[in-house]
Amino acid sequence: MDDSGPLHLLEIAISFGDCDPAGIVYYPNYFRWFDRCFHSYVAAHHGGHDALRRALHSRGLGLVSASGRFRTPGLEGELLRVEMRAVSWSKRTMTLGYIARVGERVVIEGEEVRAIFVEDGAGGIKAGSMEPFREMVDG
């Protein structure tokens, strides 16, 4: 992960409904929270997904892949702080790094690869150039 600091932060109060019967966060919720962190970043910095989609002349920024490394369990009643960082750019994708902590304790580290989806001219979609979005982020 880069050392330039987070692009965005999201705090989640872990509740009973986020957990399994043992009071441990049910693992798919972390991926939901990574996605929520990304979309709250888009809302805060780019006017929301629909505004960004229009600015990029695209269908939107979609998920290509996601992964996570579970370090310690998140538990009911804890406050989880999710940090999102842009860790790399390619011609057609960006990789976002996430680290989520309770206090200083790392709960999960993860990554998402996202692409800008554009019409392919044959009724489908394909990954378009990531450069316009990179310019917006790097500003």
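## Strands, rings and charge pairs in a predicted model

A hairpin of four residues connects strand E3 to strand E4. Helices (H or I, at least four residues) and strands (E, at least two) are DSSP runs, numbered from the N terminus. The structure is a predicted model, in which local features need pLDDT of at least 70 and side-chain atom pairs count only at pLDDT 80 or more, while totals for chains, interfaces and linings use all residues. Residues are numbered from 1 along each chain as its sequence is written, and side-chain values use heavy atoms, with hydrogens and water left out.

### Strand E4 and its partners

Strand E3 (residues 79-89) pairs with E4 in the antiparallel sense, over eight bridges; two strands count as paired if DSSP finds at least two bridges between them. Within this pairing, Thr-95 in E4 is the bridge partner of Ser-88. E4 is also joined to strand E5 (residues 105-119) by nine bridges, and these two strands run antiparallel. Here Arg-101 stands opposite Val-106 in E5. The hairpin of E4 and E5 has two residues between the strands, and Gly-103 takes a positive phi near 60° in this hairpin.

E4 is mostly covered, with eight of its nine residues buried. Buried denotes under 20% relative accessible area, exposed over 50%, and partly exposed the range in between (1.4 Å probe, protein chains only).

### Aromatic pairs

A pair of aromatic rings is described by the distance of the centres and the angle of the planes. Rings of Phe, Tyr and Trp (its six-membered ring) pair if their centres lie within 6.5 Å; planes under 30 degrees apart count as stacked, over 60 as edge-to-face and the rest as tilted. A search of the whole structure finds eight aromatic pairs. One of them is the stacked pair of Phe-34 and Tyr-98, with 4.4 Å centre to centre and 10° between the planes. This pair links distant parts of the chain, as Phe-34 is in helix H1 (residues 28-46) and Tyr-98 is in strand E4 (residues 94-102), 64 residues apart. Phe-34 is buried, at a relative accessible area of 1%, and Tyr-98 is buried as well, at 0%.

Phe-34 and Tyr-98 also belong to a cluster linked by ring pairs, together with Tyr-26, Tyr-27, Tyr-30, Phe-31, Trp-33 and Phe-70.

### Salt bridges

Side chains of opposite charge can pair when their charged atoms come close. A salt bridge is a side-chain nitrogen of Lys or Arg within 4 Å of a carboxyl oxygen of Asp or Glu. The structure holds twelve salt bridges, among them the three in the table.

| Acidic residue | Basic residue | N to O distance |
|---|---|---|
| Asp-18 | Arg-32 | 3.5 Å |
| Asp-50 | Arg-54 | 2.4 Å |
| Glu-112 | Arg-114 | 3.0 Å |

The side chains of Asp-18 and Arg-32 meet in a salt bridge. Asp-18 lies in the loop between E1 and H1, whereas Arg-32 lies in helix H1, so the pair ties together parts that are 14 residues apart in sequence. Asp-18 counts as buried at 10% relative accessibility, while Arg-32 counts as partly exposed at 43%. The loop that holds Asp-18 follows strand E1 (8-13). Not counting residues up to four places away in sequence, Asp-18 touches Ala-13, Ile-24, Val-25, Tyr-26, Asn-29, Arg-32 and Trp-33, where contact means heavy atoms within 4.5 Å.

Asp-50 and Arg-54 are four residues apart in helix H2 (residues 49-55), so about one helical turn separates them. Asp-50 counts as partly exposed at 42% relative accessibility, and Arg-54 counts as partly exposed at 48%.

Arg-114 and Glu-112 form a salt bridge, and both residues are buried. Salt bridges that share partners also join Arg-81, Glu-83, Arg-85 and Arg-101 into one network.

Arg-114 has an aromatic partner too: this residue lies over the face of Phe-38, at 4.0 Å from the ring centre. A charge sits over a ring if NZ of Lys or CZ of Arg is within 6 Å of the ring centre and within 35 degrees of the ring normal.

### A backbone feature outside the strands

His-57 lies in the loop between H2 and strand E2 (60-70). Its phi is near 50°, a positive value in a residue other than glycine. His-57 counts as exposed, at 68% relative accessibility.
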